[in-house]
Amino acid sequence: MEFAPGGTAFRALEATEYGLGDRGEMLQAIGQAVAALHRVSGVGKRQFWPKPFLTRIFDRAQAVRSGQIQLPRHHKFLGLCALLHRLGRVARGQSFDAAVEHGDLHLRNILIGAETTSFIDFSNHKGIFPQRDLATIWLANCPDHLAQEGRARLWAGGKGRLGSVRKRLWGRSGE
């Protein structure tokens, strides 16, 4: 095992709030490192079959509806579940670039050194959906209350409105 130099990406981003570095550049560097991680661990093209994911989403939605899981904004969560089902149906059979998942990707598991960026604490060597890493890092580090106000429409291949997302995520207004 080797020593991974550097501090956490969390700390590096926190430092930008005090004028130590540029937040945009830091976020770009983190994004490039995550992209490079998934590129070097690529396992080729695969087709997306959403049934196992949609089953988990359905089960969680049922648990919220029945009161087994208590959420402060349960209607918002159920709307997200419905959106994910619509997106899953649209994505069914689509080709994607598979890669080894980190499994627990958040800013404290990314070490930024002077010359290298390292990832620590891998927890899912069998997963092939790098998109889950992106969702995990977003959920762990971009809570809804920190997002800017305003909404942008989310469209899938021009087929119609599937829901809405925060403008900040896309950096532009809806179509």
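# A guided tour, starting from E101

Select E101 to begin: with a relative accessibility of 2%, this residue counts as buried. The model on screen is a predicted one.

**First stop: the salt bridge of E101**

Keep E101 selected and add R132. The two residues form a salt bridge, in which the closest N and O atoms are 2.9 Å apart. E101 belongs to the loop between β3 and β4 (110-112), while R132 belongs to helix α5 (residues 130-141), so this pair ties together parts that lie 31 residues apart in sequence. Is R132 buried or partly exposed? R132 counts as partly exposed, because its relative accessibility is 30%, whereas its partner E101, at 2%, counts as buried. Side chains of opposite charge can pair when their charged atoms come close.

**Second stop: F129**

From E101, move to F129, since contact between these two residues is present in the model. F129 sits in the loop between β5 (117-119) and α5. Its relative accessibility is 18%, and F129 therefore counts as buried, the limit being under 20%. Which residues does F129 contact, once neighbours within four places in sequence are set aside? They are F48, F53, F96, A99 and E101. Next, display the C-alpha atoms of F129 and A98: they are 5.8 Å apart in space, although the residues are 31 apart in sequence.

**Third stop: S41**

A99, a contact of F129, is also a contact of S41. Select S41, which is found in the loop between α2 (23-40) and β2 (42-47). With a relative accessible area of 16%, S41 is buried. Beyond its neighbours within four places in sequence, S41 is in contact with A99 and V100. Now add L37 to the selection: its backbone oxygen is 3.0 Å from a polar atom of the S41 side chain.

**Fourth stop: the salt bridge of D97**

Select D97 and K45. How far apart are the closest N and O atoms of this salt bridge? The distance is 3.0 Å. D97 is part of strand β3 (residues 95-99) and K45 is part of strand β2, so the pair ties together parts separated by 52 residues in sequence. K45 counts as exposed, because its relative accessibility is 56%. The number of salt bridges in the model comes to 2, and both have now been visited: E101 with R132, and D97 with K45.

**Fifth stop: the nonpolar cores**

Select I30, V34, L105, L107, I110 and F119. These are the residues with the most contacts inside the largest nonpolar core, which has 13 residues. Which elements give two or more residues to this core? They are α1 (9-16) and α2. The contribution of α2 is the most, at 5 residues.

Centre the view on I110. Not counting residues up to four places away in sequence, I110 touches G7, T8, A9, I30, V34, L105, T117, S118, F119 and I137. Another core lies apart from the one just viewed; it has 6 residues, including L54, A61, V64 and C81.

**Sixth stop: T16**

Select T16, in helix α1. T16 is buried, having a relative accessible area of 11%. Setting aside residues up to four places away in sequence, T16 touches G21, D22, R23 and M26. For M26, 10 residues from T16 along the chain, the C-alpha separation from T16 is 8.3 Å.

**Last stop: the whole chain**

Deselect the individual residues and view the protein chain as a whole. How many helices and strands does it contain? There are 6 helices and 7 strands, and their pattern along the sequence is β-α-α-β-α-α-β-β-β-α-β-β-α. The protein chain has 175 residues, of which 30% count as buried. Among its contacts between residues at least 6 apart in sequence, 60% join residues at least 24 apart. About 12,000 Å² of the protein chain is exposed, with carbon and sulfur atoms supplying 56% of that area.

Finally, colour the model by pLDDT. The average over the protein chain is 81, and 78% of the residues score at least 70. Select residues 144-175, where the pLDDT is below 50; this stretch has 49 contacts in the model beyond near neighbours in sequence. Where pLDDT is low, the predicted coordinates should not be read in detail.

How values were computed: Residues are numbered from 1 along each chain as its sequence is written. This is a predicted model: local features need pLDDT of at least 70, side-chain atom pairs count only at pLDDT 80 or more; totals for chains, interfaces and linings use all residues. Side-chain values use heavy atoms; hydrogens and water are left out. Helices (H or I, at least four residues) and strands (E, at least two) are DSSP runs, numbered from the N terminus. Buried means under 20% relative accessible area, exposed over 50%, partly exposed in between (1.4 Å probe, protein chains only). A polar contact is a pair of N or O atoms within 3.5 Å; within protein, one must be able to donate a hydrogen and the other to accept it, and residues adjacent in sequence count only if both atoms are side-chain atoms. Contact means heavy atoms within 4.5 Å. A nonpolar core is a set of buried Ala, Val, Leu, Ile, Met, Phe, Trp, Tyr and Cys residues joined through side-chain atoms within 4.5 Å. A salt bridge is a side-chain nitrogen of Lys or Arg within 4 Å of a carboxyl oxygen of Asp or Glu. Accessible areas come from the Shrake-Rupley method with a 1.4 Å probe; for residues, only the protein chains shown count as cover. pLDDT is the predictor's confidence in each residue, from 0 to 100.
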